[in-house]
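Let's work through some exercises together, each followed by a solution that goes step by step. Keep the sequence and the 3D view open as you read.

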Amino acid sequence: MGSKPPDRTFFGQPRGLVGLFFAEAWERFSYYGMRALLLFYMTDRILDGGLGIDSGSAKSMIAVYGSATYMAAILGGWISDRVLGDRRATLTGGVLIMCGHICLAIPAGAGALFASMIFIAGGTGLLKPTISASVGDLYAADDPRRDSGFSIYYMGISVGAVAAPLVVGTVGQEYDYHLGFGIAAVGMALGLLVYVRSQHHLSPRSSAPKNPLRLSDAPRSRVITVSAGVAALIGAVAIAVATGVLDAGGIVDLISVVAIALPIAYFTVMLRSKRTTAAERARVRGYIPMFVAAVAFWCIQEQGATVIAQYADESTDLDAFGFAIPASWFQSVGSLVLIVLTPAFAVMWLRFDRSRRAPSTAHKFAVGLAIAGLSYLLLVVPAQHPGATNPLWLVGSLAVVTVGEMCLSPIGLSATTRLAPAAFATQTMGLWLSSNAAGQGIGAQLVKFYDAGSAAVYFGLLGLGAVVLAGILFAIAPLIRRQAERRGSTEDASLAGAQR
């Protein structure tokens, strides 16, 4: 009897990857399609099918919406690990996202918009961490297919993100906003259909909570106290909103504060915990400057759906190539660059590793942040001149910031898992997600200062600030390494010198 042939139904990968790939591709299609249209829908005149919200408030609302989504992912991961399990959490999240897009597809005004934000933020918070965990569950720890499987999975993310603005954005801007949002809802429904039909190919480890919550293990008084505190907080916010004490601007400010306070609380708990060893504490302290750099990076990169979208619509010559370019199309540039350049970056890091001259983790962060700053400094040139900007300036800026993302984002994921204290291994991934939440929370305040007349000043100050921060991180990288070597083992020194 011969051995069982290997499962090669999807590029040599487990069958379950097919469903996860297409589910994530459609989820990203729906999310980026909605994201490409949202600013234009919120700011367009009511007579033209929009909501008539002023651009400053709209940009801030979109920024805190993104911030809330990433904070929700932290809670979503906890709910999956302790209550639902990855499969049910992913399915529940997908249904909530679809409901959010349906709300936007119905011409019901601002109420439907706010309802959709709650649905989509909560649903994305459940789906994003759990569907990625399900990919990991398909492989044994020593399965050599793991890295290539994740590469295929992330290709699904990029494909969905490229296609969405071209399809949803065009329909929404050229025909009807609600029809565009409806296409996003259909996309999520297709993703759910594929996911449900392929669930039986997923790992059994994705079916149940990995660390189930047992109320019997906790003192009843603590359960009652926590439940009462949460109920009181929800009630207080609801009353403040109902009475007008907390208006839309107040909600934006509140989410911004929470987004910044969350990582501070994370770091404080880890550094003060008795379960964190001295060597781990040294690594966490060295991680903090890189985390700050990540916050600054996401503050710039995530403005693609707010400031950059407004610049594309108001200050760019959309007829430069002989036909009208929908402003939403620019949202596809970054994802397209990721698809094209990711293989080249993978080869580059590999060659650096083999040459034993790989830049340190801190240096990679510094380079990524500096490149993000340069992407904004690039826009200072056309923004200084009156008249519509050639769209190639905007395409160039979006391509440059994506190169910076490839230097920082995957390296950040790797560094976070490697430098996490053992007692906080899972929670530290939530800490990494909170860097994006904090960046968008800060961005929600900064975007209020943007307008077309002072675009050059805005791009110049933020770009220069990012470059200065990158220079500081680059300068202290050797100090970070020496601290790690002094306080920890040789392995601890990987903080600044780890190679990828």
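**Exercise 1. Place Arg28 in the fold, and decide whether Arg28 is buried or exposed.**

Step 1: Arg28 sits in helix α1. Helices (H or I, at least four residues) and strands (E, at least two) are DSSP runs, numbered from the N terminus.

Step 2: With a relative accessibility of 6%, Arg28 counts as buried. Buried means under 20% relative accessible area, exposed over 50%, and partly exposed in between, using a 1.4 Å probe and protein chains only.

Step 3: Now look at the partners of Arg28. Setting aside neighbours within four places in sequence, Arg28 is in contact with Gly33, Thr124, Lys128, Ile157, Gly160, Ala161 and Ala164. Contact means heavy atoms within 4.5 Å.

A word on the model before we go on. This is a predicted model, in which local features need pLDDT of at least 70 and side-chain atom pairs count only at pLDDT 80 or more, while totals for chains, interfaces and linings use all residues. Residues are numbered from 1 along each chain as its sequence is written, and side-chain values use heavy atoms, with hydrogens and water left out.

**Exercise 2. Describe the protein chain as a whole: how many helices and strands are there?**

Step 1: The protein chain has 16 helices and 0 strands.

Step 2: Of its 500 residues, 50% are buried.

Step 3: Among contacts with a separation of 6 or more, 81% join residues 24 or more positions apart.

Step 4: The chain exposes about 22700 Å², and carbon and sulfur atoms supply 67% of that area. Accessible areas come from the Shrake-Rupley method with a 1.4 Å probe; for residues, only the protein chains shown count as cover.

**Exercise 3. Find the surroundings of Met270.**

Step 1: Met270 belongs to helix α8 (residues 248–272).

Step 2: Its relative accessible area is 3%, so Met270 is buried.

Step 3: Not counting residues up to four places away in sequence, Met270 touches Thr276, Pro421, Phe424, Thr428 and Leu431. Take Thr428 from that list: Met270 and Thr428 are 158 residues apart in sequence, yet 9.2 Å apart in space, C-alpha to C-alpha.

**Exercise 4. Classify two aromatic pairs: which is tilted, and which is edge-to-face?**

Step 1: A search of the whole structure gives 14 aromatic pairs. Rings of Phe, Tyr and Trp (its six-membered ring) pair if their centres lie within 6.5 Å; planes under 30 degrees apart count as stacked, over 60 as edge-to-face and the rest as tilted.

Step 2: For Phe267 and Tyr287, the ring centres are 6.1 Å apart and the planes stand at 50°, so this pair is tilted. The pair links distant parts of the chain, with Phe267 in helix α8 and Tyr287 in helix α9 (residues 278–301), 20 residues apart. Phe267 is buried at 8% relative accessible area, and Tyr287 is buried at 4%.

Step 3: Tyr376 and Phe459 form an edge-to-face pair, 5.0 Å centre to centre with 75° between the planes. Tyr376 lies in helix α12 (residues 361–383) and Phe459 in helix α15 (residues 455–487), so the pair ties together parts that are 83 residues apart in sequence. Both are buried: Tyr376 has 2% relative accessibility, and Phe459 has a relative accessible area of 0%.

Step 4: Now widen the view. Tyr311, Tyr376, Tyr450, Tyr458 and Phe459 form one aromatic cluster. Beyond four places in sequence, residues touched by Tyr376 include Val307, Ile308, Tyr458 and Phe459.

**Exercise 5. Explain why helix α10 is described as largely enclosed.**

Step 1: Helix α10 covers residues 307–314, and 6 of its 8 residues are buried, so the rest of the structure largely encloses this helix.

Step 2: The buried residues of α10 are Val307, Ile308, Ala309, Gln310, Tyr311 and Ala312.

**Exercise 6. Which helices each supply at least two residues of the lining of the largest cavity?**

Step 1: A cavity is a set of points, on a 1 Å grid over the protein atoms alone, where a 1.4 Å probe fits but cannot get out; lining residues have an atom within 4 Å of a point.

Step 2: The largest cavity is lined by residues including Tyr31, Met34, Ile62, Tyr65 and Gln440.

Step 3: The helices asked for are α1 (16–43) and α2 (55–84).

Key: 1 Å grid on protein atoms, 1.4 Å probe; cavity = no way out; pocket = protein on both sides within 12 Å on 5 of 7 lines; lining within 4 Å.
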